[in-house]
Amino acid sequence: MIPSLAALPVLPMLSLLPVGAALGFFGGLFGIGGGIIAIPLLMMVFGMEQATAQGTALVMMVPNLLIAWWRYMRKDAGDLKGALGVALVATVMTGVFAHLAQRLNSAVMLLLFALFLLALGLNQIHRSRTTRETSQARITGRWLPLVGIVSGGSMGLLGIGGGLVATPLFTGLFGKGQRAAQSLALALVTPSAVMALYTYADHQRVDWPVGVALGVGGLATVASGVALAHRWPERTLQRAFGIMLIATAAVLVVKKATGL
């Protein structure tokens, strides 16, 4: 296990910048903020416990989400009132589930995290093989706060996943267009991530030096990942994302089973 880098000199901290840059690039490529990749990395390479890895990854994710939200809102504010309502529900649920996460056994959290990744991966691969027509609303907008409950719970319990859960719900159940769904998801996830980070930090489950170093590196490469994502065919991107999620879940399960 690598010791906390808070007590180490500047050079080891600088060595984390390329790692953060790689996480930022793939986070931009897959539109995930880098958390899904960062958490297993922090566990397997840095020897962090699940909760600490999630809290540390949030340090990297929050500034990326804030910048993405700000830029998106400058181009298309969308339904700001509805977004703020869902964000409020999501933020409250994030706080509740983040407190719950501190009481769970690390093995249980790892299993939940792996199952979460597996489900998302299978869903992405399935979506890459089907052709969807323009979505029509299946339920009315008054049920939008339910998305905040599900997404906020995911962010609080797992430290990631709010946007990954919210965007398909907005498009599939509420008939939102992709741009509108992404705008709502960013409005939902950004304050939820801040709440999750506050709660994890309050329970001393954040390695700030590591998180800040990764965040600085990531900010420099997120845009490049997003640019590549726009050049790839959508189905190729969805399939690659699904494979990445499933592979990550498998690695975590094997690591836990073998004790490596």
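## Starting with Ala21

Setting aside residues up to four places away in sequence, Ala21 touches Gly217, Gly218 and Thr221. This is a predicted model, so let's see where that residue sits and what surrounds it. Ala21 belongs to helix α1, which covers residues 10-30. Because its relative accessibility is 19%, and the cut-off for buried is under 20%, Ala21 counts as buried. Its C-alpha atom is separated from that of Ala213 by 9.7 Å, with the two positions 192 residues apart along the chain.

Val19 is in helix α1 too. With 28% relative accessibility, Val19 counts as partly exposed. Leaving out residues up to four places away in sequence, Val19 touches Leu41 and Leu214. Leu41 is 22 residues from Val19 along the chain, and their C-alpha atoms are separated by 9.8 Å.

## The whole chain

Now step back and look at the fold. How many helices and strands does the chain have? The count comes to eleven helices and zero strands. Reading from the N terminus, you simply meet one α after another: α-α-α-α-α-α-α-α-α-α-α.

The chain has 260 residues, and buried ones make up 47% of them. Take the contacts between residues at least 6 apart in sequence: 82% of these join residues at least 24 apart. The accessible surface comes to about 12,700 Å², and carbon and sulfur atoms account for 67% of it.

## Helix α2 and its surroundings

Is helix α2 largely enclosed or largely open? Seven of the ten residues in this helix (residues 35-44) are buried, so the rest of the structure largely encloses it. The buried ones are Gly35, Ile36, Ala38, Ile39, Pro40, Leu42 and Met43.

Some of those names come up again if you look at Ala53, in helix α3 (residues 50-75). Not counting residues up to four places away in sequence, Ala53 touches Ile39, Leu42, Met43 and Met48. Ala53 counts as buried, at 0% relative accessibility. From Ala53 to Val206 is 153 residues in sequence, but 7.4 Å in space, C-alpha to C-alpha.

## A buried threonine

Next, find Thr199 in helix α8, which runs over residues 178-202. Is Thr199 buried or exposed? Its relative accessibility is 2%, so Thr199 counts as buried. Apart from neighbours within four places in sequence, Thr199 is in contact with Gly95, Ala98 and His99.

## Two rings side-on

The model has one aromatic pair. The partners are Phe25 and Phe26: their ring centres are 5.4 Å apart and their planes meet at 80°, so the pair is edge-to-face. In general, a pair of aromatic rings is described by just those two things, the distance of the centres and the angle of the planes.

Neither ring's residue counts as buried: Phe25 is partly exposed, with a relative accessible area of 24%, and Phe26 is partly exposed at 37%.

## A nonpolar patch on the surface

Which residues make the nonpolar surface patch of about 360 Å²? They are Leu111, Leu115, Leu118 and Leu122. Leu122 lies in helix α5, covering residues 106-128. Here is a handy bit of background: an α-helix has 3.6 residues a turn, so residues three or four places apart point the same way.

## An unusual backbone angle

Gln204 is in the loop between α8 and α9. Its phi is near 60°, a positive value in a residue other than glycine. Why point that out? Most residues other than glycine have a negative phi. Gln204 is also exposed, with a relative accessible area of 73%.

## How far to trust the model

The mean pLDDT of the chain is 78, and 83% of its residues reach 70 or more. Which element has the lowest mean pLDDT, and which the highest? Helix α7 (residues 162-172) has the lowest, 76, while helix α9 (residues 208-219) has the highest, 91.

Over residues 1-8 the pLDDT is below 50, and this stretch has eleven contacts in the model beyond near neighbours in sequence. Where pLDDT is low, the predicted coordinates should not be read in detail.

Methods
Residues are numbered from 1 along each chain as its sequence is written. This is a predicted model: local features need pLDDT of at least 70, side-chain atom pairs count only at pLDDT 80 or more; totals for chains, interfaces and linings use all residues. Side-chain values use heavy atoms; hydrogens and water are left out. Helices (H or I, at least four residues) and strands (E, at least two) are DSSP runs, numbered from the N terminus. Buried means under 20% relative accessible area, exposed over 50%, partly exposed in between (1.4 Å probe, protein chains only). Contact means heavy atoms within 4.5 Å. Accessible areas come from the Shrake-Rupley method with a 1.4 Å probe; for residues, only the protein chains shown count as cover. Patches are made of residues with over 30% relative accessible area and no salt bridge: like charges are joined within 9 Å, nonpolar side chains (Val, Leu, Ile, Met, Phe, Trp, Tyr) within 5 Å. A salt bridge is a side-chain nitrogen of Lys or Arg within 4 Å of a carboxyl oxygen of Asp or Glu. Rings of Phe, Tyr and Trp (its six-membered ring) pair if their centres lie within 6.5 Å; planes under 30 degrees apart count as stacked, over 60 as edge-to-face and the rest as tilted. pLDDT is the predictor's confidence in each residue, from 0 to 100.
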